Amino acid sequence: MHSQFKYWKPYVSPYDPCKPIRVKSYSTPPQLYMNFQPPGLPQFQSPKQALMHGTLWPQLYSPYPDPHKRGEKS
Amino acid sequence: MFYYEKKLQYPVRVSQCNPMLAKFLVEQYGGADGELAAALRYMNQRYTIPDKVIGLLNDIAMEEFSHLEMIATMIYKLTKDATPEMMKAAGLGDHYVAHDSALFYNNASGVPWTASYIQAKGDPIADLYEDIAAEEKARATYQWIIDMSDDPDLNDGLKFLREREVIHSLRFREAVEILKDDQGKKKIF
Amino acid sequence: MTKQMPPEYYKLLEELQAIDFVIVELNLYLNTHPHDFEAIKQFNEASQHSMHLKIEFERQFGPLMNFGKSYSNYPWDVDDSPWPWQV
(Lines give C-alpha, C1' and ligand atoms only; values in the text may rest on other atoms or scores of the structure.)
Protein backbone atom coordinates (compact mmCIF):
# COMPACT_ATOMS: atom_id res chain seq x y z
CA MET A 1 0.00 0.00 0.00
CA HIS A 2 1.33 3.41 -0.96
CA SER A 3 1.40 6.29 1.51
CA GLN A 4 -1.43 8.81 0.98
CA PHE A 5 0.71 11.88 1.72
CA LYS A 6 4.20 12.89 0.68
CA TYR A 7 6.43 15.32 2.55
CA TRP A 8 9.10 17.73 1.44
CA LYS A 9 11.27 20.42 2.96
CA PRO A 10 11.17 23.76 1.20
CA TYR A 11 14.08 26.18 1.28
CA VAL A 12 13.80 28.59 4.21
CA SER A 13 15.42 32.01 3.95
CA PRO A 14 16.24 34.14 7.01
CA TYR A 15 14.39 36.92 5.15
CA ASP A 16 11.03 35.03 4.89
CA PRO A 17 8.56 37.15 6.88
CA CYS A 18 5.99 34.42 7.69
CA LYS A 19 6.80 31.78 10.30
CA PRO A 20 8.30 29.02 8.16
CA ILE A 21 6.52 25.72 7.59
CA ARG A 22 9.53 23.43 7.52
CA VAL A 23 7.81 20.32 6.26
CA LYS A 24 5.16 20.63 3.57
CA SER A 25 2.88 17.85 2.38
CA TYR A 26 0.66 16.96 -0.54
CA SER A 27 -1.94 14.30 -1.12
CA THR A 28 -1.20 11.23 -3.28
CA PRO A 29 -4.51 9.34 -3.32
CA PRO A 30 -4.82 5.67 -4.39
CA GLN A 31 -6.05 6.25 -7.97
CA LEU A 32 -2.52 7.42 -8.83
CA TYR A 33 -1.24 3.87 -8.27
CA MET A 34 -4.12 1.94 -9.82
CA ASN A 35 -4.50 2.73 -13.50
CA PHE A 36 -7.08 -0.05 -13.78
CA GLN A 37 -8.99 -1.32 -10.75
CA PRO A 38 -8.53 -5.08 -10.32
CA PRO A 39 -11.80 -7.01 -9.91
CA GLY A 40 -12.83 -8.47 -6.57
CA LEU A 41 -11.36 -5.82 -4.29
CA PRO A 42 -12.61 -6.17 -0.69
CA GLN A 43 -15.61 -3.95 0.04
CA PHE A 44 -16.82 -2.04 3.09
CA GLN A 45 -18.97 -4.14 5.43
CA SER A 46 -22.23 -2.31 4.79
CA PRO A 47 -23.79 0.11 2.27
CA LYS A 48 -23.93 2.67 5.09
CA GLN A 49 -20.17 2.39 5.66
CA ALA A 50 -19.53 2.73 1.92
CA LEU A 51 -21.70 5.86 1.79
CA MET A 52 -19.90 7.39 4.77
CA HIS A 53 -16.51 6.80 3.13
CA GLY A 54 -17.61 7.92 -0.34
CA THR A 55 -16.48 4.65 -1.93
CA LEU A 56 -17.36 0.98 -1.91
CA TRP A 57 -13.72 -0.11 -1.64
CA PRO A 58 -11.47 0.59 1.39
CA GLN A 59 -8.37 0.46 -0.85
CA LEU A 60 -9.69 3.46 -2.78
CA TYR A 61 -10.49 5.50 0.32
CA SER A 62 -8.43 8.64 0.62
CA PRO A 63 -8.41 10.45 3.99
CA TYR A 64 -8.27 14.23 4.30
CA PRO A 65 -6.86 16.11 6.18
CA ASP A 66 -3.65 14.14 6.64
CA PRO A 67 -4.35 11.88 9.66
CA HIS A 68 -0.65 11.92 10.61
CA LYS A 69 -0.22 15.69 10.29
CA ARG A 70 3.51 15.34 9.81
CA GLY A 71 3.38 18.44 7.66
CA GLU A 72 2.42 20.56 10.67
CA LYS A 73 5.43 19.66 12.78
CA SER A 74 8.35 21.94 12.21
CA MET B 1 -34.80 12.40 -20.88
CA PHE B 2 -34.29 13.21 -17.23
CA TYR B 3 -36.25 12.36 -14.12
CA TYR B 4 -35.92 14.07 -10.78
CA GLU B 5 -35.59 12.07 -7.60
CA LYS B 6 -36.50 13.92 -4.42
CA LYS B 7 -33.43 12.98 -2.41
CA LEU B 8 -29.79 14.05 -2.14
CA GLN B 9 -27.00 11.60 -2.93
CA TYR B 10 -25.58 12.03 0.57
CA PRO B 11 -27.15 13.28 3.83
CA VAL B 12 -25.93 16.89 3.84
CA ARG B 13 -25.71 18.57 7.24
CA VAL B 14 -24.48 22.02 8.25
CA SER B 15 -23.98 22.91 11.93
CA GLN B 16 -24.05 26.73 11.93
CA CYS B 17 -25.41 29.70 10.01
CA ASN B 18 -22.14 30.78 8.38
CA PRO B 19 -22.31 32.90 5.20
CA MET B 20 -18.50 33.14 5.08
CA LEU B 21 -18.25 29.40 4.42
CA ALA B 22 -20.95 29.77 1.76
CA LYS B 23 -18.76 32.36 0.04
CA PHE B 24 -15.86 29.87 -0.11
CA LEU B 25 -18.08 26.97 -1.08
CA VAL B 26 -19.55 28.74 -4.09
CA GLU B 27 -16.20 28.05 -5.78
CA GLN B 28 -17.49 24.48 -6.26
CA TYR B 29 -20.85 25.76 -7.50
CA GLY B 30 -19.89 28.23 -10.22
CA GLY B 31 -16.09 28.08 -10.25
CA ALA B 32 -13.67 26.78 -12.90
CA ASP B 33 -13.27 23.35 -11.31
CA GLY B 34 -16.72 23.23 -9.74
CA GLU B 35 -19.55 20.78 -10.10
CA LEU B 36 -21.44 22.77 -12.74
CA ALA B 37 -18.37 22.89 -14.96
CA ALA B 38 -17.82 19.16 -14.41
CA ALA B 39 -21.40 18.17 -15.18
CA LEU B 40 -21.60 20.29 -18.34
CA ARG B 41 -18.13 19.23 -19.53
CA TYR B 42 -18.88 15.48 -19.45
CA MET B 43 -22.46 15.91 -20.59
CA ASN B 44 -21.21 17.71 -23.69
CA GLN B 45 -18.16 15.52 -24.44
CA ARG B 46 -20.32 12.37 -24.47
CA TYR B 47 -21.66 13.10 -27.97
CA THR B 48 -18.34 12.67 -29.72
CA ILE B 49 -16.39 10.29 -27.47
CA PRO B 50 -16.04 6.65 -28.72
CA ASP B 51 -19.04 4.46 -27.86
CA LYS B 52 -17.05 2.33 -25.42
CA VAL B 53 -16.80 5.21 -22.94
CA ILE B 54 -20.01 7.19 -23.64
CA GLY B 55 -21.78 5.41 -20.78
CA LEU B 56 -19.05 6.37 -18.34
CA LEU B 57 -19.14 10.07 -19.29
CA ASN B 58 -22.92 10.03 -19.18
CA ASP B 59 -23.09 8.46 -15.72
CA ILE B 60 -20.36 10.64 -14.21
CA ALA B 61 -22.15 13.72 -15.63
CA MET B 62 -25.33 12.55 -13.85
CA GLU B 63 -23.46 12.11 -10.58
CA GLU B 64 -21.92 15.60 -10.94
CA PHE B 65 -25.42 17.09 -11.12
CA SER B 66 -26.18 15.33 -7.83
CA HIS B 67 -23.04 16.90 -6.38
CA LEU B 68 -24.11 20.32 -7.67
CA GLU B 69 -27.35 19.83 -5.77
CA MET B 70 -25.40 18.90 -2.60
CA ILE B 71 -23.24 22.03 -2.87
CA ALA B 72 -26.35 24.15 -3.47
CA THR B 73 -27.93 22.62 -0.37
CA MET B 74 -24.86 23.48 1.72
CA ILE B 75 -24.80 27.08 0.45
CA TYR B 76 -28.55 27.41 0.92
CA LYS B 77 -28.36 26.16 4.51
CA LEU B 78 -25.27 28.25 5.40
CA THR B 79 -27.01 31.47 4.30
CA LYS B 80 -30.68 30.73 5.04
CA ASP B 81 -32.08 33.48 7.30
CA ALA B 82 -28.72 35.28 7.48
CA THR B 83 -29.33 39.02 7.92
CA PRO B 84 -27.94 41.63 5.50
CA GLU B 85 -25.50 42.55 8.26
CA MET B 86 -24.25 38.99 8.50
CA MET B 87 -23.91 38.80 4.71
CA LYS B 88 -21.95 42.06 4.71
CA ALA B 89 -19.67 40.87 7.52
CA ALA B 90 -18.99 37.67 5.58
CA GLY B 91 -17.85 39.59 2.50
CA LEU B 92 -21.13 38.89 0.72
CA GLY B 93 -22.40 42.48 0.70
CA ASP B 94 -21.83 42.70 -3.05
CA HIS B 95 -23.60 39.39 -3.54
CA TYR B 96 -26.50 40.59 -1.42
CA VAL B 97 -27.11 43.79 -3.40
CA ALA B 98 -27.33 41.81 -6.64
CA HIS B 99 -29.00 38.57 -5.46
CA ASP B 100 -30.30 38.85 -1.88
CA SER B 101 -29.62 35.30 -0.61
CA ALA B 102 -30.36 33.68 -3.98
CA LEU B 103 -27.72 31.30 -5.27
CA PHE B 104 -25.79 32.30 -8.35
CA TYR B 105 -23.28 30.57 -10.60
CA ASN B 106 -20.15 32.49 -9.74
CA ASN B 107 -16.87 31.58 -8.07
CA ALA B 108 -15.66 32.54 -4.59
CA SER B 109 -14.55 35.94 -5.91
CA GLY B 110 -17.91 36.63 -7.53
CA VAL B 111 -16.77 36.04 -11.13
CA PRO B 112 -19.68 34.53 -13.10
CA TRP B 113 -19.38 31.03 -14.54
CA THR B 114 -18.20 30.88 -18.13
CA ALA B 115 -18.05 28.12 -20.75
CA SER B 116 -14.35 28.87 -21.20
CA TYR B 117 -13.82 26.84 -18.00
CA ILE B 118 -14.54 23.68 -20.01
CA GLN B 119 -13.34 22.19 -23.26
CA ALA B 120 -14.42 19.65 -25.85
CA LYS B 121 -11.51 19.06 -28.19
CA GLY B 122 -13.06 16.10 -29.98
CA ASP B 123 -9.87 14.09 -29.50
CA PRO B 124 -10.79 11.37 -26.99
CA ILE B 125 -7.39 11.28 -25.27
CA ALA B 126 -7.21 15.06 -25.00
CA ASP B 127 -10.74 15.18 -23.60
CA LEU B 128 -10.17 12.37 -21.08
CA TYR B 129 -6.90 13.91 -19.91
CA GLU B 130 -8.79 17.17 -19.34
CA ASP B 131 -11.37 15.21 -17.36
CA ILE B 132 -8.72 13.57 -15.18
CA ALA B 133 -7.12 16.97 -14.55
CA ALA B 134 -10.53 18.45 -13.72
CA GLU B 135 -11.15 15.74 -11.12
CA GLU B 136 -7.75 16.30 -9.49
CA LYS B 137 -8.30 20.08 -9.44
CA ALA B 138 -11.74 19.65 -7.90
CA ARG B 139 -10.20 17.29 -5.29
CA ALA B 140 -7.61 19.95 -4.44
CA THR B 141 -10.31 22.63 -4.20
CA TYR B 142 -12.23 20.47 -1.72
CA GLN B 143 -9.03 20.12 0.32
CA TRP B 144 -8.53 23.87 0.54
CA ILE B 145 -12.20 24.44 1.47
CA ILE B 146 -11.96 21.77 4.20
CA ASP B 147 -8.82 23.59 5.46
CA MET B 148 -10.82 26.84 5.68
CA SER B 149 -13.88 25.30 7.36
CA ASP B 150 -14.39 24.62 11.06
CA ASP B 151 -17.85 23.09 10.57
CA PRO B 152 -17.53 19.33 11.20
CA ASP B 153 -20.91 18.51 9.62
CA LEU B 154 -20.10 20.49 6.50
CA ASN B 155 -16.66 18.87 6.30
CA ASP B 156 -18.27 15.44 6.46
CA GLY B 157 -20.14 16.20 3.23
CA LEU B 158 -17.07 17.81 1.66
CA LYS B 159 -14.95 14.72 2.40
CA PHE B 160 -17.54 12.59 0.63
CA LEU B 161 -17.38 14.87 -2.41
CA ARG B 162 -13.58 14.85 -2.36
CA GLU B 163 -13.55 11.04 -2.34
CA ARG B 164 -15.89 10.99 -5.36
CA GLU B 165 -13.31 13.00 -7.30
CA VAL B 166 -10.80 10.24 -6.54
CA ILE B 167 -13.15 7.58 -7.93
CA HIS B 168 -14.06 9.60 -11.02
CA SER B 169 -10.40 10.23 -11.72
CA LEU B 170 -9.76 6.48 -11.57
CA ARG B 171 -12.65 5.74 -13.95
CA PHE B 172 -11.37 8.30 -16.48
CA ARG B 173 -7.90 6.77 -16.22
CA GLU B 174 -9.49 3.38 -16.97
CA ALA B 175 -11.29 4.93 -19.95
CA VAL B 176 -7.90 6.00 -21.32
CA GLU B 177 -6.58 2.44 -20.83
CA ILE B 178 -9.60 1.05 -22.71
CA LEU B 179 -9.18 3.47 -25.63
CA LYS B 180 -5.44 2.98 -26.01
CA ASP B 181 -5.67 -0.82 -25.87
CA ASP B 182 -4.85 -2.55 -29.18
CA GLN B 183 -7.67 -5.09 -29.07
CA GLY B 184 -10.01 -2.23 -28.34
CA LYS B 185 -11.26 -4.01 -25.26
CA LYS B 186 -9.34 -4.00 -22.03
CA LYS B 187 -9.34 -7.59 -20.79
CA ILE B 188 -7.50 -8.04 -17.57
CA PHE B 189 -9.64 -10.82 -16.18
CA MET C 1 -43.95 25.33 6.67
CA THR C 2 -45.12 23.78 9.93
CA LYS C 3 -44.87 20.15 8.85
CA GLN C 4 -41.83 18.49 10.43
CA MET C 5 -40.30 15.33 9.08
CA PRO C 6 -40.15 12.60 11.76
CA PRO C 7 -36.89 10.83 12.69
CA GLU C 8 -38.01 7.77 10.71
CA TYR C 9 -37.89 9.91 7.55
CA TYR C 10 -34.19 10.61 8.03
CA LYS C 11 -33.46 7.02 8.96
CA LEU C 12 -35.19 5.52 5.94
CA LEU C 13 -33.80 8.23 3.65
CA GLU C 14 -30.27 7.42 4.76
CA GLU C 15 -30.84 3.72 4.19
CA LEU C 16 -31.98 4.56 0.69
CA GLN C 17 -29.01 6.85 0.12
CA ALA C 18 -26.68 4.06 1.24
CA ILE C 19 -28.05 1.37 -1.07
CA ASP C 20 -28.34 3.81 -3.99
CA PHE C 21 -24.75 4.83 -3.40
CA VAL C 22 -23.63 1.20 -3.78
CA ILE C 23 -25.57 1.13 -7.05
CA VAL C 24 -23.89 4.32 -8.37
CA GLU C 25 -20.46 3.01 -7.39
CA LEU C 26 -21.02 -0.39 -9.05
CA ASN C 27 -22.53 1.26 -12.13
CA LEU C 28 -19.42 3.40 -12.74
CA TYR C 29 -17.18 0.41 -12.05
CA LEU C 30 -19.10 -1.82 -14.46
CA ASN C 31 -18.84 0.79 -17.22
CA THR C 32 -15.14 -0.03 -17.33
CA HIS C 33 -15.41 -3.69 -16.17
CA PRO C 34 -18.30 -5.07 -18.25
CA HIS C 35 -17.28 -8.71 -17.69
CA ASP C 36 -17.22 -8.74 -13.89
CA PHE C 37 -20.03 -11.23 -13.31
CA GLU C 38 -19.98 -10.95 -9.50
CA ALA C 39 -20.27 -7.16 -9.66
CA ILE C 40 -23.21 -7.41 -12.08
CA LYS C 41 -24.92 -9.81 -9.70
CA GLN C 42 -24.35 -7.44 -6.80
CA PHE C 43 -25.59 -4.52 -8.92
CA ASN C 44 -28.83 -6.33 -9.77
CA GLU C 45 -29.38 -7.41 -6.17
CA ALA C 46 -28.77 -3.89 -4.87
CA SER C 47 -31.15 -2.48 -7.50
CA GLN C 48 -33.88 -4.85 -6.36
CA HIS C 49 -33.23 -4.00 -2.71
CA SER C 50 -33.45 -0.29 -3.56
CA MET C 51 -36.76 -0.74 -5.40
CA HIS C 52 -38.30 -2.45 -2.37
CA LEU C 53 -37.01 0.26 -0.03
CA LYS C 54 -38.44 2.98 -2.29
CA ILE C 55 -41.89 1.36 -2.22
CA GLU C 56 -41.75 1.46 1.59
CA PHE C 57 -40.39 5.03 1.66
CA GLU C 58 -43.07 6.32 -0.73
CA ARG C 59 -45.80 4.57 1.26
CA GLN C 60 -44.77 6.57 4.33
CA PHE C 61 -43.51 9.85 2.93
CA GLY C 62 -44.98 10.29 -0.55
CA PRO C 63 -43.64 10.07 -4.10
CA LEU C 64 -39.89 10.30 -4.74
CA MET C 65 -39.94 10.83 -8.51
CA ASN C 66 -41.73 13.00 -11.05
CA PHE C 67 -43.00 12.34 -14.58
CA GLY C 68 -44.75 9.10 -13.73
CA LYS C 69 -41.89 7.20 -12.10
CA SER C 70 -43.89 7.33 -8.83
CA TYR C 71 -47.65 7.19 -8.21
CA SER C 72 -49.47 10.21 -6.77
CA ASN C 73 -51.89 10.16 -3.84
CA TYR C 74 -54.98 12.40 -3.68
CA PRO C 75 -54.64 15.35 -3.74
CA TRP C 76 -51.64 15.59 -6.09
CA ASP C 77 -48.52 15.22 -3.93
CA VAL C 78 -45.65 14.81 -6.41
CA ASP C 79 -44.67 18.45 -5.78
CA ASP C 80 -45.18 18.46 -2.01
CA SER C 81 -42.65 20.05 0.33
CA PRO C 82 -40.20 19.46 1.78
CA TRP C 83 -37.60 19.36 -0.98
CA PRO C 84 -34.23 17.68 -0.46
CA TRP C 85 -32.37 20.93 0.21
CA GLN C 86 -34.94 21.95 2.84
CA VAL C 87 -34.89 18.93 5.16
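I started at B:Asp81, which sits in the loop between helix 4 and helix 5 (84-89) of chain B. Helices here are DSSP runs of H or I with at least four residues, strands are runs of E with at least two, and both are numbered from the N terminus. B:Asp81 isn't a glycine, yet its phi is positive, about 70 degrees. I had it down as exposed, since 8 other C-beta atoms lie within 10 Å. (Cut-offs: buried is 20 or more other C-beta atoms within 10 Å of the residue's own, exposed is 12 or fewer, partly exposed is in between, with C-beta atoms placed from the backbone.)

Ground rules, noted early: this is a predicted model, where local features need pLDDT of at least 70, side-chain atom pairs count only at pLDDT 80 or more, and totals for chains, interfaces and linings use all residues. Residues are numbered from 1 along each chain as its sequence is written, while chains are lettered from A and ligands numbered from 1 in the order in which they are written.

**Chain B, continued**

I looked for another odd phi and found B:Asp100, again not a glycine, with a positive phi of about 55 degrees. B:Asp100 is in the loop between helix 6 (93-99) and helix 7 (124-148) of chain B. It counts as exposed because 10 other C-beta atoms lie within 10 Å.

Then I stepped back to the whole chain. I get eight helices and zero strands for chain B, so to speak a plain α-α-α-α-α-α-α-α when read along the sequence. The C-alpha trace spans about 65 × 30 × 30 Å along its principal axes. What radius of gyration does chain B have? I got 18 Å, which agrees with the value near 16 Å for a compact globule of 189 residues. (That is taken over C-alpha atoms, and the globule rule is 2.2 Å times the number of residues to the power 0.38.) Buried residues come to 48% of the 189 in chain B.

I also checked contacts, meaning two residues whose C-beta atoms, placed from the backbone, lie within 7 Å. Of the chain B contacts with a separation of 6 or more, 76% are between residues 24 or more positions apart.

**B:Asp59**

UniProt has a "binding site" feature at B:Asp59, from an unreviewed entry. (UniProt positions are in the numbering used here, feature names are shortened, and annotations may be inferred rather than shown by experiment.) I found B:Asp59 in helix 4 (residues 51-79) of chain B. Is B:Asp59 buried or exposed? Partly exposed, with 19 other C-beta atoms within 10 Å. Leaving out residues up to four places away in sequence, B:Asp59 touches C:Asn27, C:Leu28 and C:Asn31.

**Chain C**

That sent me to the contact between chains C and B, which takes 19 residues from chain C and 23 residues from chain B. The chain C side has 11 nonpolar, six polar and two charged residues. (Nonpolar is Ala, Val, Leu, Ile, Met, Phe, Trp, Tyr, Cys and Pro; charged is Asp, Glu, Lys and Arg; the others, Gly among them, are polar.)

UniProt, in an unreviewed entry, lists residues 11-86 of chain C as "domain: Protein CotJB". Over that stretch I read 62% helix and 0% strand, with the end C-alpha atoms 16 Å apart.

Helix 2 (residues 37-61) of chain C got a length check: its 25 residues should span 36 Å at 1.5 Å a residue, and the end C-alpha atoms are 35 Å apart, which agrees. (The expected span is 1.5 Å times one less than the number of residues.) C:Ala46, C:Lys54 and C:Phe57 are buried in helix 2 of chain C, and what covers the buried residues of this helix includes helix 1 (7-32) of chain C. C:Gly62 follows helix 2 of chain C, and its phi is positive, near 90 degrees. Further on I noted a cis peptide bond from C:Ser81 to C:Pro82, omega near -5 degrees; C:Pro82 is in the segment after helix 2 of chain C.

**Chain A**

Chain A has a cis peptide bond too, joining A:Tyr64 and A:Pro65 with omega about -5 degrees. A:Pro65 is in the segment after helix 1 of chain A.

Last stop was A:Lys6, in strand 1 (residues 5-8) of chain A. I make it partly exposed, with 13 C-beta neighbours inside 10 Å. A:Lys6 and A:Ser25 are 19 residues apart along the chain, but their C-alpha atoms are separated by 5.4 Å.
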